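Thanks for passing this one along. Here are my notes, set out as numbered points so that you can follow them with the viewer open.

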Amino acid sequence: ADADVKKGNLSSVQQLGIEMTVRYGKYLNLLKEHAENELCFVLMNCEQFLKQQQRTVHLPITTVESGIHPVYFCSAHYIEMLLKAELPLVFSAFHMSGFAPSQVNDEITRHLQQDILKHTEAQDLQVFLKEEALHGFRVSDYLEYMESLELMYRPVLLKDMKNIRVQNT
């Protein structure tokens, strides 16, 4: 009963993950009826334990308090930097509208959330993302452009990403 009450505290992704795990576990005859409550309890306790283990010396207090992972901050920064350097008119349009270019990734991901989870369960997420997610978009049409971006920006991005990893270990 305690886990039932606390289940409401889990995110929808966590709840879906537990449901998928229990369904698969029951299918394999590895889990019983009460497994969902027990998994909720384990997940919440693990989350609480891991929060206690996190170190906050390495990041600015505002970053820690925001709850946003530093990789997201870094990624959002580079999305905007690349857009400003490579497509300045598009960057200006975003800037004038007050809509951050990095938000597009969030919106697309949010829009596709259910499909992403469904295709993860079906174990064909990579196929879905390559072929179905954005109708009319073909990676092959932009491969040369992406390779040129890699040559120009990879050293800078990689250095910063490694710095984040070092700070968080």
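The points below go from the whole chain to single residues.

1. Overall fold. Please keep in mind that this is a predicted model. The protein chain has nine helices and zero strands, so its pattern along the sequence is simply α-α-α-α-α-α-α-α-α. Of the 169 residues in the protein chain, 16% are buried. Among contacts with a separation of 6 or more, 51% are between residues 24 or more positions apart.

2. Length of helix α3. Helix α3 runs over residues 35-53 and has 19 residues. At 1.5 Å a residue it should span 27 Å, and the end C-alpha atoms are indeed 27 Å apart, so the expected and modelled values agree.

3. The two sides of α3. Which residues of α3 are buried? They are Ala35, Cys40 and Met44. These residues cover an arc of only 165° around the axis, so they sit on the same side of α3. On the other side of the helix, Glu38, Leu50 and Gln52 are exposed. If you colour α3 by accessibility, these are the names to look for.

4. The nonpolar core. The largest nonpolar core has six residues: Leu10, Ile18, Val22, Ala35, Cys40 and Met44. Two elements, α2 and α3, give two or more residues to this core. The largest share, three residues, comes from α3. The buried residues of α3, namely Ala35, Cys40 and Met44, are also members of this core.

5. Ile18 as a way into the core. Leaving out residues up to four places away in sequence, Ile18 touches Leu10, Glu36, Leu39, Cys40 and Leu43. Of these partners, Leu10 and Cys40 belong to the largest nonpolar core together with Ile18.

6. Cysteines. How many disulfides does the structure hold? The count is zero. As a reminder, a disulfide is a covalent bond between the sulfur atoms of two cysteines. Two cysteines are worth a look here: Cys40 counts as buried because its relative accessibility is 1%, under the 20% limit. Cys46 has a relative accessible area of 41%, between the 20% and 50% limits, so it is partly exposed.

7. His119. This residue is found in helix α7, which covers residues 102-121. Is His119 buried or exposed? With a relative accessible area of 15%, under the 20% limit, it is buried. The side chains of His119 and Asp124 are joined by a polar contact of 2.8 Å. Beyond its neighbours within four places in sequence, His119 is in contact with Asp124, Leu125 and Phe128. Of these partners, Leu125 and Phe128 fall within the residue range 125-131 of α8.

8. Backbone at Asn29. Asn29 is not a glycine, yet it has a positive phi of about 60°. It lies in the loop between α2 (12-27) and α3. Its relative accessibility is 67%, over the 50% limit, so Asn29 counts as exposed.

9. Backbone at Gln123. Gln123 also has a positive phi of about 60° without being a glycine. Where does Gln123 lie? Its place is the loop between α7 and α8. At 75% relative accessibility, Gln123 counts as exposed.

Conventions. Residues numbered from 1 in each chain as written. Predicted model: local features only at pLDDT ≥ 70, side-chain atom pairs only at ≥ 80, totals over all residues. Heavy atoms only, no water. Helix = DSSP H or I, 4+ residues; strand = E, 2+ residues; numbered from the N terminus. Buried < 20%, exposed > 50% of the residue type's maximum accessible area, 1.4 Å probe, protein only. Polar contact = N/O pair within 3.5 Å; in protein donor to acceptor, adjacent residues only side chain to side chain. Contact = heavy atoms within 4.5 Å. Expected span 1.5 Å × (residues − 1). Arc of directions from axis to C-beta. Core = buried A, V, L, I, M, F, W, Y, C linked by side-chain atoms within 4.5 Å. Disulfide = S-S within 2.5 Å.
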